Every structure is written in structure tokens, then in C-alpha cells.
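The following explanation leads through a single protein model, from its surface terms to its sheet, its core and selected residues. Please keep the sequence and the coordinates in view while reading.

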Amino acid sequence: MRNRLLLLLAGAFAVLALALPASSLASGCPPGETGTPPYCTKLPLNKFNLGKVKHPETGVVTIRVKVSSGGTFTATGEQMKKATAEGNAAGSFTLRLKLTSEGFETLEEAKGKQLRIRVKFTFTPTGGTPRTKYKKLIFRVVKPKHENKK
């Protein structure tokens, strides 16, 4: 009888000892990781860089973008069409930004024939949290290279 009691007590302590570390890990994964302990994985990076801006002859502004992982990239602004790009991996690409018809009308009437727009750039990595940056871009009226003189 005594041996059974000791065996039962030892089993209870073993179960208790195994349960304690699990409850202390139940608090969650460290910052920057997701999942359930001990199976934590790192979140994908949401970093991106805005590069060189060009104003080609077409009147469309292009900007070079470099992203740190796969995901969705969007650019929005007043009087501008929404521009979107998606990718499966890290890399760089060129994003074309165009004005709406309302934006072109405002541009034609603007002093100096240029329009400054605050553009919101947002990158959301697949399975991660979004990051946003703002940049002011200048849209200019395209002057024709050759005009027919009569």
C-alpha cells in the first residue's frame, strides 16, 4: 500500500513538473514573432525604400521601389489613380503613378503648370503588418516636342 501511495505521488509530481513550463510559455511569442510557443516564427519584414523619381515625357511620374519581402504595395493620393504592385519575393520594381481626369484639369490650371501631391505609400508583406511612408511628388504639364506651325 505504501509503495502505491509513493508511486501515485511521484506520478502527480511528474505531471505537475511537465505542466509548469507550458503555463509559463503560454504568455506568447517574443516581439516580432508569431505563433504558439514553442513554435514561434519570425514575421516577414515590412521594410521598403523609395528610390529615384522620374518625370518622363509621357507626363506619368515613375518611382523606383525596393521591398524586403513578398506582399502588396500600394500608392494613393488626392487627384491620383491608385497604383498597386504585388510580388512573391523581395526585390525592386518601378511603379507608374498617373493623375485622374480631375487631377489633369487642376494641373492645367495650376500656376507654373505643376501640381504637388502628397502620396501615401503602403507595403503589406504576406502574413505581416503594413508599413506606410509619405512623399510629396511633383506632376508637370508635358510640353509637346514638336508643334506644327502653319
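A residue is called buried when its relative accessible area is under 20%, exposed when that area is over 50%, and partly exposed in between, with a 1.4 Å probe and protein chains only. The model is a predicted one, in which local features need pLDDT of at least 70, side-chain atom pairs count only at pLDDT 80 or more, and totals for chains, interfaces and linings use all residues. Residues are numbered from 1 along each chain as its sequence is written, and side-chain values use heavy atoms, with hydrogens and water left out.

By the accessibility criterion, Leu50 counts as partly exposed because its relative accessibility is 22%. Leu50 belongs to strand 3 (residues 48-54); here helices (H or I, at least four residues) and strands (E, at least two) are DSSP runs, numbered from the N terminus. Val65 lies 15 residues from Leu50 along the chain, yet their C-alpha atoms are separated by 4.9 Å. With contact defined as heavy atoms within 4.5 Å, and with neighbours within four places in sequence left aside, Leu50 is in contact with Ile63, Arg64, Val65, Phe73, Phe121 and Lys135.

One of these partners, Phe73, leads to the nonpolar interior. A nonpolar core is a set of buried Ala, Val, Leu, Ile, Met, Phe, Trp, Tyr and Cys residues joined through side-chain atoms within 4.5 Å. The largest such core has 21 residues, of which Phe73, Ala75, Leu95, Leu97, Phe121 and Phe139 touch the most other members. At least two core residues are supplied by each of strand 4 (61-67), strand 5 (71-76), strand 6 (83-87), strand 7 (91-97), strand 8 (114-125) and strand 9 (131-140). Strand 8 gives the largest share, 5 residues. Beyond residues up to four places away in sequence, Phe73 touches a set that includes Phe48, Leu50, Val65, Phe93, Leu95 and Phe121.

Strands also define the sheet architecture. Strands of a sheet pair through backbone hydrogen bonds, either parallel or antiparallel. Two strands are taken to pair if DSSP finds at least two bridges between them. An open sheet of 4 strands follows the order 6-5-8-9 with antiparallel pairing. Strand 6 and strand 9 stand at its edges with a single partner strand each, so one side of each is left without a neighbour in the sheet. On average, neighbouring strands of this sheet are turned by 20° against each other, direction ignored. Strand 5 and strand 8 run antiparallel and are joined by 6 bridges; Thr74 has Thr122 of strand 8 as its bridge partner. Helix 2 (residues 101-109) packs on the sheet, touching strand 8 and strand 9, and its direction makes about 145° with that of strand 8. Axes are lines fitted to C-alpha atoms, for helices over the stretch in contact, and angles run from 0 to 180 degrees between N-to-C directions.

The model also holds 1 disulfide, a pair of cysteine sulfur atoms within 2.5 Å. This disulfide joins Cys29 to Cys40, with an S to S distance of 2.0 Å. The torsion about its S-S bond is about -85°, so the disulfide is left-handed. Cys29 lies in the loop between helix 1 (2-25) and strand 1 (33-36), whereas Cys40 lies in strand 2 (residues 39-42), 11 residues apart.

Finally, Asn46 occupies the loop between strand 2 and strand 3 and is buried, because its relative accessible area is 13%.
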